[in-house]
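Here is a short briefing on one protein model. Keep the sequence and the 3D view open as you read, and find each part as it comes up.

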Amino acid sequence: MAQAPDYAYMARALQLAQLGLYTTDPNPRVGCVLVRDGELIGEGWHRRAGGPHAERHALAAAGERARGATAYVTLEPCAHHGRTPPCADALVEAGVARVVAAMTDPNPLVGGKGLRRLEEAGIDVEVGVLEVQARALNPGFIKRMTSGLPWVRCKLAMSLDGRTAMASGESQWITEQEARRDVQRLRARSSAILTGVLTVLADDPSLNVRLDPAQLSGVDDGQGVRQPVRVILDSSLRTPPGARMLKLPGQTVVLSADDHREHAAALEAAGARVVVLPKDGGGRVDLRSALEFLAGEEINEVLIEAGPTLSGAALAAGLVDELVVYVAPHLMGDGARGLLSLPGLARMRDRVPLEIRDLRLVGRDIRITASPPAA
């Protein structure tokens, strides 16, 4: 049974895992602490896919002192050969006496096999210490492994009266610099940023991370800031080959509903990857199919940065797990553009219920994090 020190050491392992927030994709964020006779003798976290896992960093730091120690890991040690050898084997070989895991691994390749490997080697195993906090670190990885869909976060910015742009379309800037910097951190943790072709045509956005490594905790290994995949939903391939994002470092994927080879060839020549997906009833790219495709590409967390039509459609389809809404302390008037396109809401009973998870000031703006109750 877990004791008070177990929670304290797991809390430290979770702090370490948090350092991988911007770098581990598509792998989960994992931290590990090794303790022997009440002394912390080694710790580590997973930094980047393809590199050593958290357990191996901690074992390297502990050396021979790992024999007889307790390992605190925020996720079940892996038991399969992926990009790196199994961590369960490394713990067995190091001679640890006990392993405390916050949660089992939702990856079907692991799914309890790592814990069984440890138990078969005579190691005492405890699971479930600070599991809620551990799961909160990896919502995308967990959802992709259990449902075949990524975690979808929709970012919105509005005035206090719920407006996103003036009637003319002018929208820069609704929020102030602190909130815009906070959005950059949302981008940095995301696997992909999803927008619609109408946003591309109207704003020609970059959709890249514009922060220095020093501004992101854990990005300190000289490899720079990881750029999320930029994804454009473009049913009839209207994305201009000269779009700004096609000239930037990183990958841009255009998801289309029609195979216009001439248009596709022009975009591919400009550096985009064009993928044709099934249509929905209106002839547009089917949103669920788009998300399933992205999950198949090992995309864990998707950040929607789009206009009211795409954002509203994703919410109405039940595909949004989390809304992050920045509210600026000013009024734009009833002639300005609204936040979301949600046709069919005629009565109070048609309202879309949300549960507020977090509410805080970011500079002078308010950041609301909310989700549908079922999310």
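The second largest cavity is a good place to start: its lining is made of Val152, Leu194, Leu287, Ala290, Leu291, Ile304, Ala314 and Leu319. Keep in mind that this is a predicted model. The points below cover enclosed spaces, an open pocket, two sheets, salt bridges and two backbone details.

**Cavities**

- The whole structure holds two cavities of 30 Å³ or more.
- The second largest cavity encloses about 40 Å³.
- What kinds of residues make up the lining of the second largest cavity? Eight are nonpolar, with no polar and no charged residues.
- Helix H10, residues 287–296, gives the largest share of that lining, with three residues.
- The largest cavity has about 50 Å³ of space.
- Its lining includes Thr24, Asp25, Asn27, Pro28 and Arg29. Asn138, Gly140, Phe141, Asn300 and Glu301 also line the largest cavity.
- This lining splits into two nonpolar, five polar and three charged residues.

**The second largest pocket**

- The second largest pocket has a volume of about 840 Å³.
- Its lining counts 26 residues. Nearest the centre of the pocket lie Ala136, Pro139, Arg153, Arg189 and Glu322.
- Several elements each supply at least two lining residues. Among them are the helices H5 (131–137), H6 and H7 (177–189). The strands E6, E13 (322–328), E15 and E16 (365–371) do so as well.
- How do the lining residues of this pocket divide? There are 10 nonpolar, four polar and 12 charged residues.

**The nine-stranded sheet**

- Strands of a sheet pair through backbone hydrogen bonds, either parallel or antiparallel.
- One open sheet has nine strands, with mixed pairing. Follow the order E11-E10-E9-E8-E12-E6-E13-E16-E15.
- Which strands stand at the edges? They are E11 (273–276) and E15 (355–362). Each has a single partner strand, so one side of each is left without a neighbour in the sheet.
- Neighbouring strands here are turned by 20° against each other on average, direction ignored.
- Strand E10, residues 252–256, runs parallel to E11, and four bridges join the two. In one of these strands, E11, Val276 is the bridge partner of Ser256.
- Helix H6, residues 139–147, lies across strands E6 (151–159) and E12 (301–304). The helix runs at about 135° to E6.

**The five-stranded sheet**

- A second open sheet to find has five strands, in the order E2-E1-E3-E4-E5. Its pairing is mixed.
- Its edges are E2 and E5 (124–127). Each edge strand has a single partner strand, so one side of each lacks a neighbour in the sheet.
- The twist from one strand to the next averages 15°.
- Strand E1, residues 31–36, runs antiparallel to E2, and six bridges join them. Leu34 stands opposite Gly42 in E2.
- Helix H4, residues 113–120, packs on this sheet and touches strands E4 (98–101) and E5. The direction of H4 makes about 150° with that of E5.

**Salt bridges**

- Side chains of opposite charge can pair when their charged atoms come close.
- How many salt bridges does a search of the whole structure find? The count is 25.
- One pair to find is Glu39 with Arg65. Their closest N and O atoms are 3.7 Å apart.
- What does this pair tie together? Glu39 is in strand E2 (residues 39–45), while Arg65 is in the loop between helix H2 (54–62) and strand E3 (70–73), so the bridge links parts that are 26 residues apart in sequence.

**Backbone details**

- Asp25 and Pro26 are joined by a cis peptide bond, with omega about 5°.
- Pro26 sits in the loop between helix H1 (4–18) and E1.
- Asp25 also belongs to the lining of the largest cavity.
- Asp37 is not a glycine, yet it has a positive phi of about 55°.
- Where is Asp37? Look in the loop between E1 and E2.

Definitions and conventions. Residues are numbered from 1 along each chain as its sequence is written. This is a predicted model: local features need pLDDT of at least 70, side-chain atom pairs count only at pLDDT 80 or more; totals for chains, interfaces and linings use all residues. Side-chain values use heavy atoms; hydrogens and water are left out. On a 1 Å grid over the protein atoms alone, a cavity is a set of points where a 1.4 Å probe fits but cannot get out, and a pocket is an open set with protein on both sides within 12 Å along at least five of seven lines; lining residues have an atom within 4 Å of a point. Grid points are joined across faces, edges and corners, and a volume is the space filled by probe spheres set on the points. Ala, Val, Leu, Ile, Met, Phe, Trp, Tyr, Cys and Pro count as nonpolar, Asp, Glu, Lys and Arg as charged, and the others, Gly among them, as polar. Two strands pair if DSSP finds at least two bridges between them. Axes are lines fitted to C-alpha atoms, for helices over the stretch in contact, and angles run from 0 to 180 degrees between N-to-C directions. Contact means heavy atoms within 4.5 Å. A salt bridge is a side-chain nitrogen of Lys or Arg within 4 Å of a carboxyl oxygen of Asp or Glu.
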